[in-house]
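The following questions and answers examine a predicted model. Please consult the sequence and the structure as each point is raised.

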Amino acid sequence: MRFQFILDEIIIGLRRNIAMAISVVLVTVVSLFLVGLGFLAQRQVDTMKDYWYDRVQVSIFLCDKVSTAATCADGAVTEAQKEQIQADLKAPALAAYIDSVYFETRQQAYDHFKEQYKDSALAENVTVDQMPESYRIDLKNPEQYQVVADAFAERAGVESVESQNKVLDRLFALLNQLKLGSWMLAIVTLLCSVLLVATTIRLTAFTRRRETGIMRLVGASNFFIQLPFILESMIAAAVGALLASVALVAVTKFQIQGRLAQQLTFTNYVGVADALSVVPWLFVIGLGIAGVSAFLALQRYLKV
């Protein structure tokens with residue numbers, strides 16, 4: 001009997017305030033969609049880090065006869081200097097950071113260069129003698145490249161120490177800023193959603209003050225009077241979360257995987273599975289905000 005009464009009250013409330021309910025749904029859709037984008041942005045940055053950091057190396061380029069670096073003032077690297085570098089790479093101080101090391105000869109460097117730039121006229125003008133010898137180092141944790149770089153940066157016989165991580169760090173710093181911006185925008189829209197839900201519930205409570213007054217007179221509890229209003233807001237939030245989830249999955253499937261991943265193939269991208277894993281959070285956040293906002297808004301207007 002009570003359940004049927006609450007259900008009737010919810011239907012009546014939604015009919016009377018259909019415009020406000022739609023506005024709550026729309027604001028919830030926008031705010032939760034932005035929250036979902038924030039989650040996906042976080043996962044995209046993590047995905048790109050895993051993809052790129054597994055492929056980058058630290059390269060120690062050795063001096064040759066034409067090197068102009070200050071550390072090459074004595075000419076090309078000597079065999080003694082090479083042996084010292086190899087010994088330092090195997091020493092306990094650096095071994096903990098290094099996964100593997102291999103020495104790249106001039107011929108190997110030349111072959112790699114020809115393969116990498118096989119469609120460029122530049123490859124036809126390079127000789128084996130112009131290519132530097134180097135040590136190629138795979139790290140256990142690519143984010144700790146600076147430890148190895150600092151150990152050999154000023155070493156005699158070493159022309160330079162290069163790591164693609166320097167470029168990646170700048171790229172990920174930019175992505176983190178974009179991610180922070182999306183989170184800030186999501187927080188602002190969530191705040192708008194909270195205020196709109198509170199205002200909607202107060203207006204709804206005001207328009208139904210006669211019914212709630214009668215319920216007070218017959219001894220209805222606070223919870224029983226407030227429940228229909230709270231459920232109304234949560235139903236609107238659930239519809240908004242559903243639409244936001246559909247939009248998030250559609251954008252991931254058709255825009256990110258369907259277009260972006262096909263046109264820009266230099267990295268991995270988040271997929272539909274990542275978007276689906278975010279969906280439960282959208283419902284939790286949407287329902288939580290709607291329920292708490294409605295409950296707090298009703299404390300002043302529906303006291304017994």
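Q: Which residue forms a salt bridge with aspartate 88?
A: Aspartate 88 lies in helix 3, and its partner lies in the loop between helix 6 and strand 4, so the pair ties together parts that are 67 residues apart in sequence. The closest N and O atoms of this salt bridge are 2.7 Å apart. The partner of aspartate 88 is arginine 155.

Q: Is arginine 155 buried, exposed or partly exposed?
A: Buried means under 20% relative accessible area and exposed means over 50%. Arginine 155 has a relative accessibility of 22%, so the residue counts as partly exposed.

Q: Which residues are joined with Lys82 into one network by salt bridges that share partners?
A: Within helix 3, the side chain of lysine 82 meets that of glutamate 79, three residues away, at 3.6 Å from N to O. Lysine 82 also forms a salt bridge of 3.0 Å, N to O, with glutamate 133, which lies in the loop between helix 5 and strand 3, 51 residues apart from lysine 82. The residues joined with Lys82 are therefore Glu79 and Glu133.

Q: Which residue is exposed, glutamate 79 or lysine 82?
A: The cut-offs are under 20% relative accessible area for buried and over 50% for exposed. Lysine 82, at 11% relative accessibility, counts as buried. With a relative accessible area of 53%, the exposed residue is glutamate 79.

Q: Which residues of helix 3 are buried, and where do they lie around the axis?
A: The buried residues are Lys82, Ile85, Asp88 and Leu89. They cover an arc of only 125 degrees around the axis, which puts them on the same side of helix 3. The face turned away from this buried side carries the exposed residues Glu79, Ala80, Glu83 and Lys90. The buried residues thus lie on one side of helix 3, within an arc of 125 degrees.

Q: How far apart are the end C-alpha atoms of helix 3?
A: Helix 3 has 12 residues, which at 1.5 Å a residue should span 16 Å. The model agrees with this expectation, the end C-alpha atoms being apart by 17 Å.

Q: Which helix gives the most residues to the largest nonpolar core?
A: This core has 26 residues, and Leu32, Ile201, Leu248, Leu282 and Leu298 touch the most other members. Helices 2, 7, 9 and 10 each supply at least two residues. With eight residues, the helix that gives the most is helix 2.

Methods: Residues are numbered from 1 along each chain as its sequence is written. This is a predicted model: local features need pLDDT of at least 70, side-chain atom pairs count only at pLDDT 80 or more; totals for chains, interfaces and linings use all residues. Side-chain values use heavy atoms; hydrogens and water are left out. Helices (H or I, at least four residues) and strands (E, at least two) are DSSP runs, numbered from the N terminus. The expected span of a helix is 1.5 Å times one less than its number of residues. Buried means under 20% relative accessible area, exposed over 50%, partly exposed in between (1.4 Å probe, protein chains only). The arc is that of the directions from the helix axis to the C-beta atoms. A nonpolar core is a set of buried Ala, Val, Leu, Ile, Met, Phe, Trp, Tyr and Cys residues joined through side-chain atoms within 4.5 Å. A salt bridge is a side-chain nitrogen of Lys or Arg within 4 Å of a carboxyl oxygen of Asp or Glu.
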